[in-house]
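The following questions and answers work through one structure for a reader who wants each term tied to its cut-offs. Please look at the sequence and the coordinates first.

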Amino acid sequence: MRSVKSLLAAGAATLISSMAFAADMPIAAPPPMYAPPAPPADFGGWYLRGDIGMTNQSAKRIESALPAGYSKTTEGLGFDSSPLFGLGAGYRFNSWFRADLIGQYRGKATLHGSDNVVGPGFVGVNNYSGSKSEWVVMANAYVDLGTWWCITPFIGAGVGGSYNKISGFRDDGVSYSGGVLSNSVAYFGDHGKWNLAWAAHAGLAYKVNPGFTVELAYSYMNLGDGAPGNYRLFDNSASGPTSIKIKDITSHDVKLGVRWDLNSPPVYAPPPLVTKG
């Protein structure tokens with residue numbers, strides 16, 4: 001019996017000693033908690049852009065020299081639609097303001113229109129034909145109006161220059177003067193000139209992913225004036241500088257564009273899990 005009590009006492013002493021030793025041991029530090037990535041800065045940096053679209057162009061009037069006492073009215077002046085292509089680079093300053101510089105080629109648009117001329121004992125008509133194209137360089141600024149379901153409406157404005165080129169211009173004239181009916185044809189050389197240009201923009205942008213955005217936009221463009229080159233009558237009876245000017249060329253454009261963000265967002269990697277051996 002005494003031996004049993006001795007064994008129980010020894011076991012109890014050993015258990016108490018083990019518990020005290022365990023209490024004295026340091027507790028291992030818990031693994032570091034997962035830290036979420038820092039919120040992105042309020043700017044997007046540099047981007048590239050590209051656009052394609054269609055133009056819907058018009059002109060206010062055709063100016064030309066007239067003898068004293070003559071007057072004219074312009075009828076049916078306008079242009080057919082033409083394609084446009086643009087490239088550019090820009091910078092996003094913050095979440096709502098960005099700006100870019102673009103270069104744009106606007107393809108040839110067929111010109112049509114006529115002038116009805118009336119004077120003392122004279123009635124005539126000049127039927128015009130030809131085509132027009134432009135190179136545009138423009139600086140634009142945009143305001144993004146907020147984002148809903150990845151769609152951001154925006155407005156903007158731009159100013160720059162437009163090189164308006166008139167090609168294949170021709171004037172077919174029919175006149176009745178002093179009881180005599182006569183016809184004439186005048187050919188004009190190709191000619192281009194730079195003008196001040198400005199634009200107003202509006203559209204919707206859809207962010208496909210953090211680095212790629214698609215735009216559907218409308219632009220109103222004021223491209224200035226255009227003029228053909230020197231004229232030559234069909235029978236070489238006269239030639240010289242032209243007095244014709246196509247005034248106030250404007251266009252309503254619809255464009256599909258894309259933007260590529262050049263500043264890739266940082267990839268967050270959680271810190272490695274450290275444990276004590």
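Q: At what distance does a polar contact join the side chains of Lys132 and Gln57?
A: This is a predicted model, in which local features need pLDDT of at least 70 and side-chain atom pairs count only at pLDDT 80 or more, while totals for chains, interfaces and linings use all residues. Residues are numbered from 1 along each chain as its sequence is written, and side-chain values use heavy atoms, with hydrogens and water left out. A polar contact is a pair of N or O atoms within 3.5 Å, where within protein one must be able to donate a hydrogen and the other to accept it, and residues adjacent in sequence count only if both atoms are side-chain atoms. For the side chains of Lys132 and Gln57 the polar contact is 2.2 Å.

Q: Is Lys132 buried or exposed?
A: Lys132 belongs to strand 6, strands being DSSP runs of E with at least two residues and helices runs of H or I with at least four, numbered from the N terminus. Beyond its neighbours within four places in sequence, Lys132 has contacts (heavy atoms within 4.5 Å) with residues including Gln57, Phe79, Lys165 and Ile249. The classes are buried for under 20% relative accessible area, exposed for over 50% and partly exposed in between, with a 1.4 Å probe and protein chains only. Because its relative accessible area is 0%, Lys132 is buried.

Q: Over how many bridges do strand 5 and strand 6 pair?
A: Two strands pair if DSSP finds at least two bridges between them. Strand 5 (residues 97-119) and strand 6 (residues 122-144) form a hairpin with 2 residues between them, and Gly121 in the turn has a positive phi of about 65°. Ala99 has Ala141 in strand 6 as its bridge partner, and the antiparallel pairing of strand 5 with strand 6 runs over 21 bridges.

Q: Which residue in strand 5 stands opposite Gly90?
A: Strand 4 (residues 82-92) pairs with strand 5 in the antiparallel sense over 9 bridges, and a hairpin of 4 residues joins strand 4 to strand 5. Strand 3 (residues 71-79) also pairs with strand 5 in the antiparallel sense, over 7 bridges, with Glu75 opposite Ser114. Opposite Gly90 in strand 5 stands Asp100.

Q: What is the relative accessible area of Leu87?
A: Leu87 is placed in strand 4, and its C-alpha atom is separated by 8.6 Å from that of Leu101, 14 residues apart along the chain. Leaving out residues up to four places away in sequence, Leu87 touches Arg49, Gly50, Leu101, Ile102 and Gly103. Leu87 counts as exposed because its relative accessible area is 63%.

Q: Which elements give two or more residues to the nonpolar patch?
A: Patches are made of residues with over 30% relative accessible area and no salt bridge (a side-chain nitrogen of Lys or Arg within 4 Å of a carboxyl oxygen of Asp or Glu), like charges being joined within 9 Å and nonpolar side chains (Val, Leu, Ile, Met, Phe, Trp, Tyr) within 5 Å. Ile52, Phe85, Leu216, Tyr218, Val254 and Leu256 form such a nonpolar patch on the surface, with about 580 Å² of accessible area together, by the Shrake-Rupley method with a 1.4 Å probe, where for residues only the protein chains shown count as cover. The elements giving two or more residues are strand 10 (212-226) and strand 13 (245-261).
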